[in-house]
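Dear colleague,

I am handing over a structure that is new to you, and I would be glad if you could look through it alongside the notes below.

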Amino acid sequence: MSDKFAGGSLTALPIIETQGGDMSAHIAGSFVGGNVEETGHVLSVGDSIGHVWGLKNVQAKEMVEFSSGVHGMCLNLEVDNVGVSIFGNSHLIKEGDTVKCTGQIVDVPVGPGLLGCVVNALGNPIDGKGPIKVIECHASLKAPSILPRHLVNQPMMTGLEPINTMVLADRDHQCEIIIGDRHTGKTVVAINTILNQKCWNDHRDEEKKHYCIYVTAG
């Protein structure tokens with residue numbers, strides 16, 4: 001189709017109407033010439049989950065990058081789309097945005113260098129202290145199941161006598177989940193438990209020290 005006013009030419013993109021607001025057919029006709037094996041386009045996004053068309057060669061747990069710079073991890077590999085868990089502000093992503101593969105499985109840094117630092121979901125420092133010297137570790141490593149774990153032989157003192165009496169939390173191998181409604185004191189219990197470990201960490205013996213990592217989700 002020619003443009004008689006500008007003397008140039010315009011390309012008409014085919015738009016296929018579908019029911020239920022499905023954009024996959026529109027994207028399939030609009031983004032002609034793109035490498036669908038290495039790039040894709042956002043079909044929908046909501047609740048920090050994005051659905052992407054394309055990415056034919058993507059792997060499970062592979063990190064992808066959106067055109068806004070936000071990263072995500074591929075979880076559901078469906079026939080016609082890929083479900084991506086978004087690490088960052090999902091409001092920066094909109095329908096039609098480009099997504100590209102990175103070829104890297106999501107890794108998270110671990111090691112003593114993390115102590116005293118504040119990091120995001122990918123382990124990148126956000127406290128202004130600079131890069132962290134740590135050992136890389138795959139995020140998909142499976143945690144040990146319940147039965148092979150050691151029995152509680154040295155309880156962790158939380159600093160709260162009612163909890164110490166009712167719950168035996170192991171210092172080394174077991175884990176406890178704090179579940180409750182909002183404003184019931186879950187954070188207070190966690191912070192008090194962390195502060196109560198100072199008496200152990202005052203020892204010079206590294207084997208007696210008990211390191212605590214506070215993780216927030218949501």
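The notes that follow go from the overall make-up to the core and then to the cysteines.

Please keep in mind throughout that this is a predicted model. The protein contains four helices and eight strands, and when these are read along the sequence they follow the pattern α-β-β-β-β-β-β-β-β-α-α-α. Of its 218 residues, 23% count as buried, while the accessible surface comes to about 15300 Å², with 57% of that area belonging to carbon and sulfur atoms. If one takes the contacts in the protein with a separation of 6 or more, residues 24 or more positions apart account for 46% of them.

Turning to the interior, the largest nonpolar core has 14 residues, and those that touch the most other members are Leu55, Val58, Val64, Phe66, Val84 and Val99. Two or more residues of this core are given by each of strand 3 (62-66), strand 5 (82-87) and strand 6 (98-105), and the largest share, three residues, comes from strand 5. Phe66 may be a useful place to begin when you view the model: leaving aside residues up to four places away in sequence, Phe66 touches Val42, Val52, His71, Gly72, Val84, Ile86, Ile93, Thr98 and Val99.

I also looked at the cysteines, and the structure holds zero disulfides. Cys74 is in no disulfide, since the nearest cysteine sulfur, that of Cys101, is 6.5 Å away, whereas a disulfide is counted here when the two sulfur atoms are within 2.5 Å. Cys101 is likewise in no disulfide, with the sulfur of Cys74 as its nearest cysteine sulfur at 6.5 Å. As for their surroundings, Cys74 counts as buried because its relative accessibility is 0%, and Cys101, with a relative accessible area of 15%, is buried as well; the cut-off for buried is under 20%.

Finally, which residue has its C-alpha atom 5.1 Å from that of Cys74, although the two are 13 residues apart along the chain? That residue is Lys61, which lies in the loop between strand 2 (49-54) and strand 3. Lys61 has a relative accessible area of 32% and is therefore partly exposed, whereas Cys74, at 0% relative accessibility, is buried.

With kind regards

Conventions. Residues are numbered from 1 along each chain as its sequence is written. This is a predicted model: local features need pLDDT of at least 70, side-chain atom pairs count only at pLDDT 80 or more; totals for chains, interfaces and linings use all residues. Side-chain values use heavy atoms; hydrogens and water are left out. Buried means under 20% relative accessible area, exposed over 50%, partly exposed in between (1.4 Å probe, protein chains only). A nonpolar core is a set of buried Ala, Val, Leu, Ile, Met, Phe, Trp, Tyr and Cys residues joined through side-chain atoms within 4.5 Å. Contact means heavy atoms within 4.5 Å. Accessible areas come from the Shrake-Rupley method with a 1.4 Å probe; for residues, only the protein chains shown count as cover.
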